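The following exercises invite the reader to examine a protein model step by step. Each task is followed by a worked solution.

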Amino acid sequence: MKIYYPGLLLLFFLSSFLGFYSPLTAQINFGQSNLDMNGQGTLEGVTSLTFGPDGRLYVAEYPGIIKVLTVVRNGPNNFVVTDMEALTGVTSIVNHDDNGTVNNAEVNRETLGIAVSGTAANPVIYVSSSDFRIGAGTGGGNGDVDLDTNSGIITRFTWNGSAWVVVDLVRGLPRSEENHATNGLEFVTINGTDYLLVAQGGHTNGGSPSTNFVFTCEYALSAAILSINLDMLNGMPVLTDGNGRSFVYDLPTLDDPTRANSNGITDPGSPSYNGIDVNDPFGGNDGLNQAIKENGGPVQIFSPGYRNSYDLVVTESGALYVTDNGANIGWGGLPVNEGSGSVTNAYNAAEPGSNSPTPDGEVINNLDHLQFITPDIQSYTAGSYYGGHPNPTRANPAGAGLYTDDGTNGGVFRTLIYDPSSPGAGFTSNPALALPANWSAVVPAANPVEGDWRGPGIANPEGP
């Protein structure tokens, strides 16, 4: 797994924002300047940082602490921190295992994105975080550590003049079994509406379940740049959950056939059936309880097809650029029926494309790359630019099925819908083999282009 480490990010941002750069010549070079912490504390594991409207430097640390620094420039190459505030509103989030049960033993949150808006008097911080645990790895050696694959959360901190008010805006975003998670954020106003653009990591190496990713499939909202409509969320009430946590919006999820429902009714034929699992939206359970892509909801696909976009930027002219970490050779292959409208989430033990070319010459090539999505975000049509990383769940929702690893016999490829009372053709009453009863709602409409892998720097028969 490739993840870009905080020292590089800190150097780049301090160099560019604080003004130390060389004149444009044949290439762009950035100078560097040390930041004197001046006894105000330390920065540990910085993953993202940005300046706010109040001129302060807002820093996200990997385990979840947000630090707000007042930086004074005393002269050339002389920057001093005169004050630092540490915010713990992310680390106080209650964590869960992948079956939805509370896990109080895990107290950290993998925190990778930060954006700041508002005014100098009342800044607003947005932070992305998810389950801190990391499973699988090379050869799948770490195994399934039961991290919550629905643990992605966007948290908002609002300064009201005397204190920070903390609210979780969106809960239930995807989280890979490996490093990929809810990553970088960008605040942007598009045609008068305020949004967060979110770099949402994928769950696979090349679109297919694989050993190194604990056999997880892509979810309805994974492997994409997401848009979160802040104006819509601001019009919703702030609620309080059973843990006393303030939140606004829980993503709707599938009804996991292996998990109890909140009202005790699991039969979709019952008049009182609501399809809500206990502790929703948490506990993705390898996709059986994944969040659905909801028509008209505040969370939408802005641009699909990114393996693990760590960050993104909207330029002053309105252009949108996205980084993407290239697929790792040997870490997983291309989906079954890749390149066609019948692509599926079935597991192929050969993991084709992972180490050698497929029949049409495509092969995973481990190239990181930069995607140019649009020169003008104001005129861009959401969902129109495909980044090249397949997602069978979105490409072929009616036929993709879902592969889940049961830990004993190599896994189950689920293609039949759960119906305990009348399991006719296409249905089953066995929850150990079934897709959720509301699987048809996972994605409102198919996007067939997402069945095709298009690697950077090589020929792609089906398109660029």
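**Exercise 1. Establish which residue stands opposite Tyr418, and describe the surrounding sheet.**

Solution. Begin with the pair itself: Tyr418 stands opposite Thr428 in strand 24. The model is predicted, so local features need pLDDT of at least 70 and side-chain atom pairs count only at pLDDT 80 or more, while totals for chains, interfaces and linings use all residues. Residues are numbered from 1 along each chain as its sequence is written, and side-chain values use heavy atoms, with hydrogens and water left out.

Next, consider the strands (DSSP runs of E, at least two residues; helices are runs of H or I, at least four residues; both are numbered from the N terminus). Strand 23 (residues 416-418) pairs with strand 24 in the parallel sense over 2 bridges; two strands pair if DSSP finds at least two bridges between them. The open sheet has 3 strands in the order 24-23-25, with parallel pairing. Strand 24 (427-428) and strand 25 (434-435) stand at the edges with a single partner strand each, so one side of each has no neighbour in the sheet.

**Exercise 2. Determine which strands pair with strand 9, and in what sense.**

Solution. First, take strand 8 (residues 109-118), which is joined to strand 9 by 9 bridges and runs antiparallel to it. These two strands form a hairpin with 4 residues between them, and Gly118 has Pro123 of strand 9 as its bridge partner.

Second, take strand 10 (residues 152-159): 6 bridges join it to strand 9, again in the antiparallel sense. Here Val127 has Thr155 in strand 10 as its bridge partner.

Finally, check the burial of strand 9 (residues 123-131): 9 of its 9 residues are buried, where buried means under 20% relative accessible area, exposed over 50%, and partly exposed in between (1.4 Å probe, protein chains only).

**Exercise 3. Decide whether Thr253 is buried or exposed, and identify the partners of its side chain.**

Solution. Locate Thr253 in the loop between strand 16 (246-250) and strand 17 (299-304). Its relative accessible area is 8%, so Thr253 is buried.

Now list the polar contacts (a pair of N or O atoms within 3.5 Å; within protein, one must be able to donate a hydrogen and the other to accept it, and residues adjacent in sequence count only if both atoms are side-chain atoms). The side chain of Thr253 makes one of 3.0 Å with the side chain of Asp280 and one of 2.9 Å with the side chain of Asn289.

Lastly, compare sequence with space: Thr253 and Asn438 are 185 residues apart in sequence, yet their C-alpha atoms are 9.1 Å apart.

**Exercise 4. Find where Thr393 lies, and which backbone oxygen lies 2.8 Å from a polar atom of its side chain.**

Solution. Thr393 belongs to helix 3 (residues 392-395). With 0% relative accessibility, Thr393 counts as buried. The backbone oxygen in question is that of Glu218. Leaving aside residues up to four places away in sequence, Thr393 touches residues including Tyr219, Asn345 and Trp439; contact means heavy atoms within 4.5 Å.
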